[in-house]
Amino acid sequence: MGKAGILVVLKVMMIIICTGWISLWLLKPTNLWTRKWKAAESSAQNTAFGYYGLDFAVYTFPVIALAMIGLVYLNLQSWAQRRSRKTRRPAAAFSNPLVISRVIGILSSVEILSVFLFILFLAWTFYARISQDFKKLTPVESLKLDLWQLKYLRVATRFGLLAEACLALLLLPILRGLAVFRIVGIQFEASVRYHIWLGTAMICFATFHGASTLFIWGISHYIQDEIKKWQRTGRIYLAGEITLVTGLVMWITSLPQIRRKRFEIFYYMHHLYIVFLVFFLLHAGDRHFYMIFPGVFLFGLDKLLRILQSRPETYLLSARLYPCKAVELILPKDTRLKYAPTSIIFVKIPSISKFQWHSFSITSSSTIDNHSMSVIVKCDGWWTSSLYDKIQAELDSDADHKMKSMPVAIEGPYGPSSMTFLRYDSLLLVAGGIGITPFLSILHEIAAAQDSRRYIFPSRIQLIYVVKKSQDIGLLKSISSLLQNHPSQKWNLKLEVFVTQEKQCGATLGEILDETSQVQTVEFGTKDPIYAIHGPESLFWIAALAAIASIVFLVFVISFNHLFVPSEKKSVHSLKLTVSSKKKAPKEKSPSWVADILIVSSFIISLSCSTLVAIILRWRRLRKEIPLVSSREEKVKDPSSMEIKKVVEEHEVHFGGRPNLDDVFSKFLNESGGSDIGVLVCGPETMKEAVASLCQHKSGCFKKRKPCLSFHALTFTL
């Protein structure tokens, strides 16, 4: 069987697993599932597998298996890329913008359908549960409640199940190495908003669940007794209250007003997720925890692999300071590390903050730059300003422009597994401010692959770049040689720059670039030799580590339960002897939190074993495969002033206003050949909304004579 056949088999397996897991959630609220599942758990309890092994195999493992198969599929898919353009398909229209709103953002038909189906699932779950509760409503002996109070308490309880359903999906969108959403072509930086939506819905349901329960306790005058309860068995109320308070703190500090202005508060408070998950387990119990365990399991493993990947730290080779308060960082890269355009890396500089990680788009091409990669950081906040000021201060105090070493830790790169999103007849790129960075890597990659037969790239490309000040144009310095060496008739690239807050100065693009590109280049002293960035482990190895962690967890959770929790068989036997002899009291059940502690212990052991294997793999790779890079070999070549002035002057610069995007689109559609046009935008939300609206109105994916516009919004801030 060839690779194409294997890909088909893997795709079918993923569809079957995904369908089965969704069906499980749909059947779970029904009486049929309850009866069958109780019988299955009772049967499993009499075996070595136990109900805990069955719960893990049915509720948790399908998602882990989906992630493992998806990683293998992505790895094979990247090998099986073909030289083919995208073809006009009506299905492509469903990924284009359908709803454009400042409140909820830009939504495609597929996203709206997915949200609608999820809301329908939540409504079905609530209706199925609450209708059964009302039919068999029985008073709580410890609480003297009226009928309406009892019904309201049941409603509040079922809202807790809705929060649980959101929590089951909450961590999946923010996975990086084990990213499930990459299977359907959604990258990490784009799927973060799904995490925000799910988190907001979860907190709303959980707040109603907790506040309503406290309300009923209050009017029944039992709140002082119930609120501090730490039950031996069943729900632990105090754990639920701690979970809710922790979740509210995380949610409030993640609001845009705080996240953007006080990122440090958001970053550190979000690490309370460990407290949140542990107390949720103690509150809900092990059977409910297995439903949300897939995301927790994959996130824990993904987090540890990312920590290992960032070790050992490397060092900055050099930096460029731009007049527009931006700094370009040059980092050492292993020659075998390849990444697609628009990829991002996460950077931590211990001399600024020992804990904070920040994401940046890679501006270089792995095809051209074999030994280095670069990112551009614009001053916007405490961390980025501290980086710029630190380099500027030491630069001012050192006349030789030779600074001491600056250690840096790197995660990534993370990005698309292929460059299929560039396979259009024509390409329209719209960038605002620092949003130019992902497009720099695209242009470098296309320029390097012009003579390659492996890929087919657009025949015509137009870049619209909108900036506030003319000094921001200096960020185009890295592609000035491309503009010079590949004139429009050969390179098929047209650049239009719009300077919104300055009046006409009469200067050409080459003159502006020459004036604004007077950057200060800083060479860093490094401990020679240094480690190069090698990127994440291969997708095959990550899938294997997930399999190892799953097996180890299952073995230990079964073993621990047999060792520390009396089996049902033994308890029944002891009870029979007690009844017959009437001399001994029946054996007391173990506290419910014992099973919870066993889950946590097994999870920690499974992650430890996988981490040990990952450490061995990384050590072997660092020792045998990755060459140590000498800083003397990494000299960054800056284009000279003469080269910049030779930039082709048919590229246009406009002053004093924003571009009329409607005219830009109309002109581009008239001049472009072919029927499939890719539209990529990266910049402020207002710019994305404007471009999305034009794609919505001008695209003709269902009409043969009109060009089909495919919209892609790139995100550079998380």
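Strand 5 has two sets of side chains: Ala326, Glu328, Ile330 and Pro332 point one way, while Val327, Leu329 and Leu331 point the other, and all of them are buried. Put as a count, seven of the seven residues in strand 5 (residues 326-332) are buried, so-called "mostly covered". Keep in mind that this is a predicted model.

What does strand 5 pair with? Strand 4 (residues 318-322) is one partner, antiparallel to strand 5 over five bridges. Strand 8 (residues 372-378) is another, also antiparallel, and here seven bridges do the joining. Leucine 329 is a handy landmark for both pairings: alanine 319 stands opposite leucine 329 on the one hand, and valine 375 in strand 8 stands opposite leucine 329 on the other. The hairpin of strand 4 and strand 5 has three residues between the strands, and lysine 325 there takes a positive phi near 60°.

Now for a helix. Helix 14 covers residues 437-448, which makes 12 residues. From first C-alpha to last, helix 14 reaches 17 Å, close to the 16 Å expected at 1.5 Å a residue. Helix 14 is mostly covered too, with 11 of its 12 residues buried. Among the buried ones are Phe439, Leu440, Ile442 and Leu443, but also Ser441, His444 and Glu445.

On to the empty space. How many cavities of 30 Å³ or more does the structure hold? There are seven. Here are the top two by volume:

| Cavity | Volume | Lining | Nearest the centre |
|---|---|---|---|
| Largest | about 160 Å³ | 15 residues | Leu305, Arg306, Gln309, Pro536 and Glu537 |
| Second largest | about 120 Å³ | 16 residues | Gln309, Pro312, Ala532, Ile533 and Arg618 |

Gln309 turns up among the residues nearest the centre of the largest cavity and among those nearest the centre of the second largest.

Which elements build these walls? For the largest cavity, helix 12 (286-309) and helix 20 (592-625) each supply at least two lining residues, and helix 12 gives the most, with five. For the second largest, strand 10 (407-414) and helix 20 each bring at least two, with strand 10 holding the largest share at three residues.

By class, the lining of the largest cavity splits into seven nonpolar, four polar and four charged residues. The lining of the second largest has seven nonpolar, six polar and three charged.

Terms used: Residues numbered from 1 in each chain as written. Predicted model: local features only at pLDDT ≥ 70, side-chain atom pairs only at ≥ 80, totals over all residues. Heavy atoms only, no water. 1 Å grid on protein atoms, 1.4 Å probe; cavity = no way out; pocket = protein on both sides within 12 Å on 5 of 7 lines; lining within 4 Å. Points joined across faces, edges and corners; volume = space filled by probe spheres on them. Helix = DSSP H or I, 4+ residues; strand = E, 2+ residues; numbered from the N terminus. Nonpolar A, V, L, I, M, F, W, Y, C, P; charged D, E, K, R; others polar. Expected span 1.5 Å × (residues − 1). Buried < 20%, exposed > 50% of the residue type's maximum accessible area, 1.4 Å probe, protein only. Pairing = 2+ DSSP bridges.
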